[in-house]
Amino acid sequence: MPTDLFHPVGVITCILVFKAHNIHPKGKKTFFGYFRDDGFVKAKHRGRIDEDNKWKSIKQEWLNLYLNRESKAGLSITQAVTVKDEWCAEAYIETDYSTLNKEDFEQTLKKYVAFDILNG
């Protein structure tokens, strides 16, 4: 879920959906969605809002991925898991490197250098 979903509280949110009294067959693939960017932005005194009207199309893409059990780099994957495995999308999802650009890389380096200097 989005990192600022419960702003100003800093909590990482994950949703798992199970159906009670249904045994998960051995080898059955589970759908994992990594749905962090819902298009909403934080607005002062208004909370999270759909300022750029992105939510409708993002929601439709997420629903299509889920209903069709499709894998899409950076967003979703199906994976056979057991009780001993990791039940977190990040463990299996393929990184979509096509969205990275030079500015993102430089910004991340600047943040790291600032952190390194401030923390010795």
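In this predicted model, C88 is partly exposed, with a relative accessibility of 23%. A search of the whole structure turns up zero disulfides. C14 takes part in none; the cysteine sulfur nearest to that of C14 belongs to C88 and is 5.8 Å away. The same holds in the other direction, since C88 is also in no disulfide and has the sulfur of C14 as its nearest cysteine sulfur, at 5.8 Å. A disulfide requires two cysteine sulfur atoms within 2.5 Å, so a pair that does not come within that limit is not counted. As for solvent, C14 is exposed, with a relative accessible area of 56%.

The charged side chains come next. The structure contains four salt bridges, and three of them are described here, beginning with R36 and E90. The closest N and O atoms of R36 and E90 lie 3.7 Å apart. This pair links distant parts of the chain, 54 residues apart. R36 sits in the loop between β1 (29-33) and β2 (41-43), while E90 sits in the loop between β4 (76-80) and α2 (102-118). Both ends of the bridge are within reach of solvent to some degree: R36 is partly exposed at a relative accessible area of 23%, and E90 is partly exposed at 41%.

R48 and D38 form another salt bridge, with 2.8 Å from N to O. R48 belongs to strand β3 (residues 47-49) and D38 to the loop between β1 and β2, so the bridge ties together parts that are ten residues apart in sequence. The loop between β1 and β2 therefore holds R36 as well as D38. D38 has a relative accessibility of 9% and counts as buried, because the limit for that class is under 20%.

The bridge between K102 and E106 lies within one helix. Its closest N and O atoms are 3.8 Å apart. K102 and E106 are both in helix α2, four residues apart, which is about one turn of the helix. K102 is exposed, with a relative accessible area of 59%, whereas E106 is partly exposed at 34%.

Helix α2 also leads to a nonpolar part of the surface. Y112, V113, F115 and I117 make a nonpolar surface patch of about 460 Å². One of these residues, I117, lies in helix α2 and counts as exposed at 64% relative accessibility.

Where is there empty space in the model? Rolling a probe the size of a water molecule over the atoms shows where empty space is left. The largest pocket contains about 1,100 Å³ of space. Its lining consists of 32 residues, and those nearest its centre are I15, L16, V17, T30 and F31. Two of the secondary structure elements in the lining are β1 and α1 (55-67), each of which supplies at least two residues.

Some backbone details remain. Which residues have a positive phi without being glycine? Most residues other than glycine have a negative phi. N53 has a phi near 50°, a positive value in a residue that is not glycine. N53 lies in the loop between β3 and α1 and is exposed, with a relative accessible area of 64%. R69 likewise is not a glycine and has a positive phi of about 50°. R69 is found in the loop between α1 and β4, where its relative accessibility of 41% makes it partly exposed. Helix α1 thus has a loop with N53 on one side and a loop with R69 on the other.

The last stop is G10, in the segment before β1. G10 is exposed, with a relative accessible area of 78%. The C-alpha atoms of G10 and S76 are separated by 24 Å, and the two residues are 66 residues apart along the chain.

Terms used:
Residues numbered from 1 in each chain as written. Predicted model: local features only at pLDDT ≥ 70, side-chain atom pairs only at ≥ 80, totals over all residues. Heavy atoms only, no water. Buried < 20%, exposed > 50% of the residue type's maximum accessible area, 1.4 Å probe, protein only. Patch = residues over 30% accessible without salt bridge, like charges linked within 9 Å, V, L, I, M, F, W, Y side chains within 5 Å. Areas by Shrake-Rupley, 256 points an atom, 1.4 Å probe, with all protein chains shown as cover. 1 Å grid on protein atoms, 1.4 Å probe; cavity = no way out; pocket = protein on both sides within 12 Å on 5 of 7 lines; lining within 4 Å. Points joined across faces, edges and corners; volume = space filled by probe spheres on them.
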